[in-house]
Amino acid sequence: MMKDLTVNELYTLEETIAAKLFDGVTYPWEVLPKISSFILELGASLSEEEYEKRGENIWIAKSAKVASTAHISGPAIIGKNAEIRHCAFIRGNAIVGEGAVVGNSTELKNVVLFNKVQVPHYNYVGDSILGYKSHMGAGSITSNVKSDKKPVVVKTLRGNIETGMKKFGAMIGDEVEVGCGSVLNPGTVVGPHTNIYPLSSVRGFVPKNSIYKKQGEIAEKYED
């Protein structure tokens, strides 16, 4: 087991309605095949005072703001005080956390966004998990399928982890800042409180509390 890549090292589970999804799981990507069935189970248990069921297997908090031009396919849960902006495209198996922002022309598919995540401008997030208060700059995306269509491998300095999954975008820890125009390649794992420079192509594991400048150039953050 590589501890830095585990659920408990990357995420604050108190900051998601989907905490139970991670029960008994070591690495966060292990939940990707379970998101759909989990939403169906959780959605059916949500308070009718706080959530409204719209369409087939779509639960939207009454305090959430959803633009009339947004498109949401189920199963999906939109959390309290979330904001789904103009022309957002949520195409199933998506949990959007409390106070999260899904912006114009942003597309989500098979994802868990923890509370207060921001994907506000032209983002694609697929087969990925974004931690508390993480933010993807304009135009940054997760790439979730390798060009050779082979199963995704998570690459680390201490060896590689075979996932067996053909679709796996990025596991982004709490309070990560992803710069504009960046591509998070299949199997990317970013530790908490890390910054990714704009226009980066990121692959493999990036440690917590670091600044990713380019492949092979990662600086450690220092407190002032």
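## Briefing on a predicted model

At 25% relative accessibility, Ala219 counts as partly exposed, because the partly exposed class runs between 20% and 50%. This is a predicted model. Its largest nonpolar core holds 68 residues. Its largest pocket encloses about 260 Å³. The points below cover Ala219, the core, strand pairing, pockets and backbone geometry, and end with His135.

**Ala219**
- Ala219 sits in strand E25, which spans residues 217-220.
- Beyond its neighbours within four places in sequence, Ala219 is in contact with Ser210, Ile211 and Lys213.
- The C-alpha atoms of Ala219 and Thr194 lie 9.9 Å apart, and 25 residues separate the two in sequence.

**Nonpolar core**
- Two residues, Trp29 and Val96, touch the most other members of the largest nonpolar core.
- Trp29 has contacts outside its neighbours within four places in sequence: Leu5, Val154, Ile161, Thr163, Met165, Phe168, Met171 and Val189.
- In soluble globular proteins, nonpolar side chains tend to be buried together.

**Strands E1, E2 and E5**
- Strand E2, residues 58-61, is covered on both faces.
- Ile58 and Ile60 are buried on one side of E2, and Trp59 and Ala61 are buried on the other.
- Strand E1, residues 51-53, runs antiparallel to E2, and three bridges join the two.
- Within that pairing, Glu52 has Ile60 of E2 as its bridge partner.
- E1 and E2 make a hairpin with four residues between them.
- Gly55, in the turn of that hairpin, has a positive phi of about 65 degrees.
- E2 also pairs with E5, in the parallel sense, over three bridges.
- In E5, Ile77 stands opposite Trp59.

**Strands E6, E9 and E11**
- Strand E6 (residues 83-84) and strand E9 (residues 101-104) run parallel, joined by two bridges.
- Glu83 has Val101 of E9 as its bridge partner.
- E9 also runs parallel to strand E11 (residues 118-121), and three bridges join them.
- Asn104 has His121 of E11 as its bridge partner.

**Largest pocket**
- The largest pocket has 14 lining residues.
- Thr156, Leu157, Phe205, Pro207 and Ile218 are the lining residues nearest its centre.
- Strand E15 (153-156) and strand E23 (205-206) each contribute at least two residues to the lining of the largest pocket.
- The lining of the largest pocket divides into six nonpolar, four polar and four charged residues.

**Second largest pocket**
- The second largest pocket has a volume of about 150 Å³.
- Its lining consists of Thr16, Ile17, Ala19, Lys20, Phe38, Glu41 and Leu42.
- By class, the lining of the second largest pocket has four nonpolar residues, one polar and two charged.

**Backbone geometry**
- The peptide bond joining Gly74 and Pro75 is cis, with omega about -5 degrees.
- Pro75 belongs to the loop between strand E4 (71-73) and strand E5 (76-78).
- Asp127 is not a glycine, yet it has a positive phi of about 50 degrees.
- Asp127 lies in strand E12, residues 124-130.
- Asp127 counts as buried because its relative accessible area is 4%, and the buried class is under 20%.
- Lys133 is likewise not a glycine, and has a positive phi of about 60 degrees.
- Lys133 is placed in the loop between E12 and strand E13 (135-136).
- Lys133 is partly exposed, with a relative accessible area of 38%.

**His135**
- His135 lies in strand E13.
- Leaving out neighbours within four places in sequence, the contacts of His135 are Gln118, Pro120, Val176, Glu177 and Val178.
- His135 and Ala100 are 35 residues apart along the chain, with 9.8 Å between their C-alpha atoms.

Note on methods
Residues numbered from 1 in each chain as written. Predicted model: local features only at pLDDT ≥ 70, side-chain atom pairs only at ≥ 80, totals over all residues. Heavy atoms only, no water. Buried < 20%, exposed > 50% of the residue type's maximum accessible area, 1.4 Å probe, protein only. Contact = heavy atoms within 4.5 Å. Core = buried A, V, L, I, M, F, W, Y, C linked by side-chain atoms within 4.5 Å. Pairing = 2+ DSSP bridges. 1 Å grid on protein atoms, 1.4 Å probe; cavity = no way out; pocket = protein on both sides within 12 Å on 5 of 7 lines; lining within 4 Å. Points joined across faces, edges and corners; volume = space filled by probe spheres on them. Nonpolar A, V, L, I, M, F, W, Y, C, P; charged D, E, K, R; others polar.
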